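Me: I would like a close look at one part of this model, with the reasoning laid out step by step. Please take the charged pairs as the starting point and then set them in their surroundings.

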Amino acid sequence: MIQVVIRYSTIFVGLVVGGLICNMAAGYLMSPRGAVGPTVLQAESPITAIVVVVVAVGLATCVAGLAGRLTNAAVGCFVLGGSLYALAYQTATIEELAYSSGSIMLVKLELVLWALLMLPALFILFKIAGPIPDMVILNQEKPNCLGLFSLASFKSAALGLAVVPVVWVIAQSPMKGQVVGAVLVGGIVAGAASRVLFPHVQPIWLFVTPLLFGAIGHWIGLMGLQSTLSAAYVADELSPLNLPMPIDYVCGTLAGVAIGLGMARSFMHGEEHESAPAKKATATP
């Protein structure tokens with residue numbers, strides 16, 4: 001009971017502190033029209049916005065790492081995703097981008113840059129929190145090694161592709177809850193599949209690859225589009241793949257993959273318990 005209280009108290013405190021940190025960065029993402037823009041690169045002062053967001057992510061990562069230290073790294077990733085949602089919630093949708101003559105090309109670039117930012121952030125988080133305990137590679141001489149360059153790790157990373165079709169099905173409007181929810185569900189699918197198919201792989205890449213696949217999704221969504229972004233938005237011609245903004249992908253992926261890993265955990269443990277008697281019976285002469 002005490003462990004449960006500590007666990008949920010840690011998650012709550014981590015979300016509050018990390019959320020407050022990320023929320024303070026929102027004021028630096030102002031678009032040329034005066035709203036809190038949906039992207040960093042297309043803010044009125046992009047250099048300032050980049051610096052502030054990098055600092056906020058760094059501080060929130062440390063908070064999430066400490067939360068993961070008291071629980072596990074997957075919970076830490078959920079805390080980081082929830083903290084960044086506090087920033088995403090303050091930002092505008094693609095509507096603001098369309099009416100301020102924004103560029104989807106820069107949205108794709110920003111997704112790649114977010115992936116490059118989140119990769120070292122995740123390394124720091126896992127360094128503080130340690131590997132996910134029940135996903136340690138078997139027969140490993142160095143138990144603290146994350147095994148990121150194994151074939152299984154790359155196969156796990158490829159499951160991030162699941163986010164794209166899920167977004168295409170669910171994200172039917174630019175409403176913040178819907179686009180973040182679409183990415184979240186895609187992340188849950190990817191995280192659960194990774195845990196079932198690759199139960200001993202530390203899924204660090206999987207927290208990053210949906211952002212890269214999201215950039216490809218934006219490119220696919222624009223194929224065949226002849227009008228400008230603003231005209232396409234007004235005419236409702238934009239693909240669902242173009243509706244989530246970079247920060248939506250980041251927070252939805254982090255939280256979704258973490259939830260998916262947790263959801264599949266009970267199934268994996270149940271399978272292990274069921275197979276244990278069979279192994280003992282086989283070993284009995």
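Me: At 7% relative accessibility, does Glu96 count as buried or exposed?

Reply: In this predicted model, Glu96 counts as buried, because its relative accessibility of 7% falls under the 20% cut-off for that class. The side chain of Glu96 is paired nonetheless: Glu96 and Arg33 meet in a salt bridge, with a distance of 2.9 Å from N to O. Arg33 belongs to the loop between α1 and α2, whereas Glu96 sits in helix α4, which spans residues 94-99, so the contact ties together parts that lie 63 residues apart in sequence. Side chains of opposite charge can pair in this way when their charged atoms come close.

The structure holds two salt bridges, and the other partners to consider are Lys176 and Asp248, whose side chains meet at 3.0 Å, again given from N to O. This pair also links distant parts of the chain, since Lys176 is in helix α8 (residues 176-197) and Asp248 is in helix α11, 72 residues away. Both Lys176 and Asp248 are buried.

These contacts sit within a chain of eleven helices and zero strands, in which 49% of the 285 residues count as buried.

Helix α11, which carries Asp248, also has a part in the largest pocket, where it gives five residues, the largest share of the lining. That pocket has a volume of about 460 Å³ and is lined by 19 residues, with Arg7, Asn72, Val75, Gly262 and Arg265 lying nearest its centre. The elements that contribute two or more residues to this lining are α1 (2-23), α3 (73-90) and α11 (246-283). By residue class, the lining of the largest pocket divides into eleven nonpolar, four polar and four charged residues.

A contrast to the buried Glu96 is offered by a nonpolar surface patch of about 510 Å², made by Ile47, Ile50, Val51, Val54, Val55 and Leu59. Ile50, one of these residues, is found in helix α2, which covers residues 46-70. With a relative accessible area of 33%, Ile50 is partly exposed, and this value therefore satisfies the requirement of over 30% that applies to the residues of a patch.

Note on methods:
Residues are numbered from 1 along each chain as its sequence is written. This is a predicted model: local features need pLDDT of at least 70, side-chain atom pairs count only at pLDDT 80 or more; totals for chains, interfaces and linings use all residues. Side-chain values use heavy atoms; hydrogens and water are left out. On a 1 Å grid over the protein atoms alone, a cavity is a set of points where a 1.4 Å probe fits but cannot get out, and a pocket is an open set with protein on both sides within 12 Å along at least five of seven lines; lining residues have an atom within 4 Å of a point. Grid points are joined across faces, edges and corners, and a volume is the space filled by probe spheres set on the points. Helices (H or I, at least four residues) and strands (E, at least two) are DSSP runs, numbered from the N terminus. Ala, Val, Leu, Ile, Met, Phe, Trp, Tyr, Cys and Pro count as nonpolar, Asp, Glu, Lys and Arg as charged, and the others, Gly among them, as polar. Patches are made of residues with over 30% relative accessible area and no salt bridge: like charges are joined within 9 Å, nonpolar side chains (Val, Leu, Ile, Met, Phe, Trp, Tyr) within 5 Å. Accessible areas come from the Shrake-Rupley method with a 1.4 Å probe; for residues, only the protein chains shown count as cover. A salt bridge is a side-chain nitrogen of Lys or Arg within 4 Å of a carboxyl oxygen of Asp or Glu. Buried means under 20% relative accessible area, exposed over 50%, partly exposed in between (1.4 Å probe, protein chains only).
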